[in-house]
Amino acid sequence: MASPPRHHLVLPLLLLLVLRNATPGAGAGAVNPFTAKAAFIRYWNRRVPNNRPHPAFFVAKLSPLRAADSASFPDALPDIRARLPALCGKAAVLCPSAPDTETAASLALVAGQASGGGGGGPFKGYSNANFTNYGSGGVGGADAFRNYSPDLNVPGDSFRRYGRDSTRRGDSFASYETDGNVVTANFTSYAGGATGGSGSFATYASGTNVPDSTFTNYDAEANGRRREFTSYSQEANDGESNFAGYGKNGNSLKETFTSYGNDSNVIASGFANYGESANGATDTFTGYGAEGNVPENTFRSYGAGGNAGVDTFKGYRFQSNVGDDSFASYAKGANGNAAEFQNYGGSFNPGSVTFKGYGEGTNPNHHIGFKEYAGDNTTFKGYAKSGVGFKGYHNTSTNAATTTMSLEAHQHLKWSPEPGKFFRERELVTGNRMPMPDIKDKMPPRAFLPRDIAKKIPFEPKTVSEVFGVPPDTAMGKAVASTVAECERAPSRGETKRCATSAEDIVDFAVEMLGNDVVVRSTASTAGSGGAIKLGNVTGVDGGKVTRSVSCHQSLFPYLVYYCHSVPKVRVYEADIMAANSDHKINHGVAICHLDTSDWSPSHGAFTALGGKPGEVEVCHWIFEGDMTWTVAD
């Protein structure tokens, strides 16, 4: 019997070769060879030909797109913008969510009722809705927003011109945008020109990651309104709130900020032209920014030109870490204004406060008092020469009672490094009990874009915002700009860095730094996170020798982008993580010890936790979920 022609065997043999090269290592599962994921695995095998398994945590981040979707992706930006929204779900990238049809329909039903009188709420379980012009001119009634946009990625809510020119209307926001990721809320001209009524923000944006709220001209020209912010942005991370023109030209407004920004991390608040030319405004900031980490607050032209206003700052920024406050032209040209700073400051680590043009103007009829003010690095530049009293004021740099504070003498402060976040190398021994920090990935879930697609989208804020439909003034738009700026930053001394916009970029950088016989590791899971653990078997990578690694950390972007840098003089360890009170293995951890810290900042949290100074001590930490470290293979 004649043999089949040789060309009949070529295609099946090629297909078998493709299937073999596309199959990931142990634990990663089978991969369809006609996908972007399989194409990357073939690329990995060519660049790193050591036949080691492809780790499941890395494979899980690869693009789920089919090869046909990748191949047909357009080149021109207008076509990319048109095509991408349909691919957001398929590609597992972040795109702004639109309101669901049920939300839009119910809003249409209640809008007429709300504008004519009576309350349209309660609004429970809503998300991503547009309440622009809602309730304008309404009389009486109340709206309640409970559990609004909870636990969402990139929600965008708009309350522009909400309740404008209304009378005796009440509104409350309870548990608004809690535990969200990259949340944006716009309250521009909210309740402008309204008379009477009250508003309450309770547990607003609590536990959120990168919140961005805008209250521009909020309550402007309103009459007799009362507003309370209770537990606002509590335990939030790296966000921004803007109160520009808030209460401007208002009459007898009462605003209370209680527990605003407490226990938060790097929250910036701007109060520009807040209460400007207002009459009889009363503002109280109680427990504002307490125990926060590096809070930044700007009060520019706050209360300027106002009449008979009263401002109280009580327990403001108490036991916070560092932080910066600026009071520029505060109460300038005001008549009969009174401001009291009681127990202001008291930061655990010194921050800075600047009072520039404070209380100045042609009208000296005001009173500004500093009572038990604990300020360090405080500058009074151009403040009023009369009407300003200092009682019990002290500069913490010369006050022994304050400078002798220590972490050991106080309860654990929320801004100080979490127990177990940093530790010494000597703690990595079998049987050692130690706290494990919260290593859970706080970023929204995303995947890499295939390199061919990522290369078609210029890595600059304006284009990325346009392509993904992310306005620059939203939380996500600002995050995009921040990531690009960090990527463009010049490397630190001794640092080699690269921002990887695709999985291929990460592999290329690792191979460039370490050679092509490399492995990548990360802690296996989050088990044990945030509690006590016991170490089982501990093994030093490459026999515990001093080595070089490439560490990669996630950046906030619509698709996965990693900030990778080459780290010299480290030791990397693998450790079995056991339950604290048994020999039951619950996790497998990867830790890295930085042996040369001489170029680190003296204010780095590691030295707060461990003591010592840059160059004096080594610093170790676990590799968190979502991050990774590359080393030469054992």
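How many residues does the hairpin that joins β27 to β28 pass through? The hairpin between these two strands runs through 5 residues, and strand β28 is a convenient place from which to read this predicted model.

## Overall make-up

In this predicted model, the secondary structure of the protein amounts to 12 helices and 31 strands. Of the 634 residues in the protein, 50% are buried. When contacts between residues at least 6 apart in sequence are considered, 75% of them join residues that are at least 24 apart.

## Strand β28 and its hairpins

Strand β28 covers residues 561–579, and because 14 of its 19 residues are buried, the strand is largely enclosed by the rest of the structure. A hairpin of 5 residues leads into β28 from β27, and a hairpin that also has 5 residues leads from β28 to β29.

The pairing across both hairpins is antiparallel: strand β27 (residues 547–555) is joined to β28 over 8 bridges, while β28 and strand β29 (residues 585–594) are joined over 9 bridges. Within the first of these pairings, Thr547 has Val570 of β28 as its bridge partner; within the second, Val572 stands opposite Ile592 of β29.

## Further partners of β28

Strand β26, made up of residues 532–540, also pairs with β28 in the antiparallel sense, here over 6 bridges, and in this pairing Val538 stands opposite Ala575 of β28. Strand β24, made up of residues 496–500, is another antiparallel partner of β28, with 5 bridges between them, and Thr496 is the residue that stands opposite Ser566 of β28.

When reading the side chains along such strands, one general point is useful: in a regular strand, side chains alternate between the two faces of the sheet.

## Helix α9 and its two neighbours

Helix α9 (residues 461–468) packs against helix α10 (residues 475–488) at an angle of about 145 degrees, with the two axes 9 Å apart, and the crossing of this pair is right-handed. On the α9 side the contact involves Pro461, Val464 and Ser465, which meet Gly477, Val480, Ala481 and Val484 of α10. Sorted by class, the contact of α9 with α10 contains 5 nonpolar residues and 2 polar ones, with no charged residues.

Helix α5 (residues 77–91) is also packed with α9, their axes coming within 8 Å and crossing at roughly 45 degrees, and the two helices are therefore oblique to each other. Here Leu77, Ile80, Arg81 and Leu84 of α5 meet Thr463, Glu466, Val467 and Phe468 of α9. By class, the contact of α5 with α9 has 5 nonpolar residues, 1 polar residue and 2 charged residues.

## Asp157 in strand β3

Is Asp157 buried or exposed? Asp157, which lies in strand β3 (residues 156–158), has a relative accessible area of 3% and is therefore buried, since the cut-off for a buried residue is under 20%. Asp157 is separated from Phe187 by 30 residues in sequence, whereas their C-alpha atoms are 8.7 Å apart in space.

Terms used
Residues numbered from 1 in each chain as written. Predicted model: local features only at pLDDT ≥ 70, side-chain atom pairs only at ≥ 80, totals over all residues. Heavy atoms only, no water. Helix = DSSP H or I, 4+ residues; strand = E, 2+ residues; numbered from the N terminus. Buried < 20%, exposed > 50% of the residue type's maximum accessible area, 1.4 Å probe, protein only. Pairing = 2+ DSSP bridges. Axes fitted to C-alpha atoms, helices over the stretch in contact; angles between N-to-C directions. Left-handed = near helix turned anticlockwise from the far one by under 90°. Contact = heavy atoms within 4.5 Å. Nonpolar A, V, L, I, M, F, W, Y, C, P; charged D, E, K, R; others polar. Parallel < 35°, antiparallel > 145°, perpendicular 65-115°, else oblique.
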